[in-house]
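Thank you all for coming; please bring the sequence and the model up on your screens before I begin.

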Amino acid sequence: MLTKTQLFSKGFLAVAPHMFSVIPFGIICGAIGIELGFDPVLVYAMSIIIFGGASQIVFLQLLSGGASALIAVTSVGVINSRHLLYGAVLSEYLEKLSFIKKLLISYIVVDQGFAESNKFFMKNKTEQHLHYHLIGSGVTLWIFWQLSTLAGIVLGSFVPEELGLKFAIPLTFIAIVVQDLKKLDHVIVMITCGLSSLLFFDAPFKSYIIISPIIALFVAALVLRLKK
Amino acid sequence: MTWLTIIIAGIITYFTRMTMVALVDRDLLGERVKEVLAYVPSAVFPAIIFPGIFINDYGTFIEINDPKIFGAIIAILVGYFSRNVIATILSGLSSYWVIIFLL
């Protein structure tokens with residue numbers, strides 16, 4: 001049995017390598033807000049209130065482009081709806097927690113933390129305080145997100161755009177799924193999702209981000225049926 | 001007004017994170033649904049990866065010789081064999097830079 005501290009540090013260590021993409025993305029996110037002419041306090045507050053990179057950028061771009069508040073809010077909701085899937089997966093491991101703890105822990109679940117903690121959970125189902133791994137990964141991501149968006153706000157776009165640091169985002173997610181390329185069923189699901197996301201990229205409210213996972217999960221269900 | 005919009009967006013985002021963990025009883029999900037949920041990472045992350053590679057900042061498709069495609073292939077190979085997140089990200093970025101700055 002691992003102690004709570006050990007689990008927390010394992011969570012920290014699991015997401016630490018992803019800082020190579022989280023930090024530049026946070027800086028870009030803060031800098032974009034200032035470039036678009038928003039109040040720095042407001043840009044930073046989004047990192048606490050929304051705490052989600054892609055949705056923060058889309059939100060600011062929509063508002064500065066003259067979109068209505070309703071459209072901006074809907075887009076954020078659609079982009080973040082993928083967390084419903086993460087929650088459904090994680091609920092198995094968080095079942096025994098008190099309601100209050102579930103409410104608190106939910107705030108810190110983001111893509112990379114979900115991905116790395118879920119990998120750990122699948123291999124260590126019998127551990128008692130599993131949620132400390134999720135707290136470790138989530139708190140780490142939260143702190144670095146706050147610091148890097150702040151850095152972007154204060155320093156502005158000092159990172160030259162030619163570096164193309166946004167490319168670090170797809171790379172960080174490649175690192176997360178790449179080992180599953182060994183399994184044919186996962187490859188089929190991944191390709192389905194990827195091609196659907198390109199096909200539906202122009203769908204309203206960035207809804208490709210939830211449409212393509214739903215299609216891919218249907219294909220996963222079909223694959224499961226064929227395997228039996 | 002903008003503040004109110006951000007707070008509403010934040011509340012909605014929080015609900016997407018919290019609903020399935022705190023409000024929905026897991027026993028409501030059938031066995032088959034639980035099996036399918038094991039595919040969630042493979043079913044979600046390519047929707048971030050593919051557009052991040054194949055679609056540019058202006059929302060159009062990139063050319064077939066775009067350096068991002070080369071960078072992604074290198075990252076996949078390095079990631080597959082090294083099992084190392086940092087090596088995956090840095091190999092992808094640096095091979096991308098080699099093409100745009102040196103060639």
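I will talk about one helix of chain A, and after that about the contact with chain B.

This is a predicted model, in which local features need pLDDT of at least 70 and side-chain atom pairs count only at pLDDT 80 or more, while totals for chains, interfaces and linings use all residues. Residues are numbered from 1 along each chain as its sequence is written, and chains are lettered from A and ligands numbered from 1 in the order in which they are written.

Let me start with helix α2 of chain A, residues 19-35, which reaches 24 Å from its first C-alpha to its last, where helices are DSSP runs of H or I with at least four residues, numbered from the N terminus. Of its 17 residues, 13 are buried, so α2(A) is largely enclosed by the rest of the structure; buried here means that 20 or more other C-beta atoms, placed from the backbone, lie within 10 Å of the residue's own. After α2(A) comes A:Gly37, with a positive phi near 90°.

Turning to the two chains, the contact takes 74 residues from chain A and 58 from chain B, two residues being in contact if their C-beta atoms, placed from the backbone, lie within 7 Å. On the side of chain B that touches chain A, the largest share, 18 residues, comes from α1(B).

Which residues of α3(A) make the contact with α1(B)? They are A:Leu42, A:Ala45, A:Met46 and A:Ile49, and they meet B:Thr2, B:Trp3, B:Ile6, B:Ile7 and B:Gly10 of α1(B).

Terms used
Helix = DSSP H or I, 4+ residues; strand = E, 2+ residues; numbered from the N terminus. Expected span 1.5 Å × (residues − 1). Buried ≥ 20, exposed ≤ 12 C-beta atoms within 10 Å, placed from the backbone.
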